[in-house]
Amino acid sequence: MKIKFKHIIVLITLLSFSSIVYGFSLGEEETASAQKYIGLGTVGLFLVAMPLFLYKESKRKNMKDYMLNKDNIKKMRDKAGKNTGNQ
């Protein structure tokens, strides 16, 4: 079985959420270790899983399509004019 990039991201996300939940379940007994688990889960989500997901999703996209330049503004205005004219 070939492991895909998507599966790695899902695994990191699940591990991070489980770490956060485990940290909250420790509660008042072990405050220091509970905070470590919650912190590691948060770091896993926002500094590891999210950048990997954003990289995976934007890998094959053309960034010029998302920039506001004169050509793209003109296309948006033309498309908006056609949509309002059909009503």
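**Entry 1: salt bridges**

I began by searching the whole structure for salt bridges, and the search found 1. I note here that the model I am reading is a predicted one. The partners are Glu57 and Lys56, and I found their closest N and O atoms to be 2.9 Å apart. I then looked up how far each partner is open to the surroundings: Glu57 has a relative accessibility of 38% and therefore counts as partly exposed, while Lys56, with a relative accessible area of 27%, is partly exposed as well.

**Entry 2: how the helices pack**

Next I turned to the helices and asked myself at what angle H1 and H2 pack. Helix H1 covers residues 5–26 and helix H2 covers residues 31–58, and I read an angle of about 160° between them, with the axes 8 Å apart. Because an angle over 145 degrees counts as roughly antiparallel, I wrote down that H1 and H2 are roughly antiparallel to each other. I also checked the handedness of the crossing of H1 and H2, which is left-handed. Sorting the residues of the contact of H1 with H2 by kind, I listed 18 nonpolar, 8 polar and 2 charged ones.

**Entry 3: aromatic pairs**

I then looked for aromatic rings that pair, and the structure holds 2 such pairs. For each I kept two values, because a pair of aromatic rings is described by the distance of the centres and the angle of the planes.

In the pair of Phe5 and Tyr55, the ring centres are 6.4 Å apart and the planes stand at 80°, so I recorded the pair as edge-to-face. Which parts of the structure does this pair tie together? Phe5 lies in helix H1 and Tyr55 lies in helix H2, so the pair ties together parts that are 50 residues apart in sequence. I added that Phe5, at 32% relative accessibility, counts as partly exposed.

The pair of Tyr22 and Tyr37 is edge-to-face too, with 4.9 Å from centre to centre and 85° between the planes. This pair links distant parts of the chain, since Tyr22 is in helix H1 and Tyr37 is in helix H2, 15 residues apart. I looked up the accessibility of both rings' residues: Tyr22 is partly exposed at 40%, and Tyr37 is partly exposed at 35%.

**Entry 4: two more residues of H2**

Last, I picked out two residues of helix H2 and asked where each stands in relation to a residue elsewhere in the chain.

Pro51 is found in helix H2, and I noted that its relative accessible area of 39% makes it partly exposed. How many residues separate Pro51 from Ile9 in sequence? I counted 42, and in space the two are 9.7 Å apart, taken from C-alpha to C-alpha.

Ile38 is also found in helix H2, and with a relative accessible area of 22% I entered Ile38 as partly exposed, given that buried means under 20%. Ile38 and Phe24 are 14 residues apart in sequence, and I read a C-alpha to C-alpha distance of 7.2 Å between them.

Technical notes. Residues numbered from 1 in each chain as written. Predicted model: local features only at pLDDT ≥ 70, side-chain atom pairs only at ≥ 80, totals over all residues. Heavy atoms only, no water. Axes fitted to C-alpha atoms, helices over the stretch in contact; angles between N-to-C directions. Helix = DSSP H or I, 4+ residues; strand = E, 2+ residues; numbered from the N terminus. Parallel < 35°, antiparallel > 145°, perpendicular 65-115°, else oblique. Left-handed = near helix turned anticlockwise from the far one by under 90°. Nonpolar A, V, L, I, M, F, W, Y, C, P; charged D, E, K, R; others polar. Salt bridge = Lys/Arg side-chain N within 4 Å of Asp/Glu carboxyl O. Buried < 20%, exposed > 50% of the residue type's maximum accessible area, 1.4 Å probe, protein only. Phe/Tyr/Trp six-rings, centres within 6.5 Å; stacked < 30°, edge-to-face > 60°.
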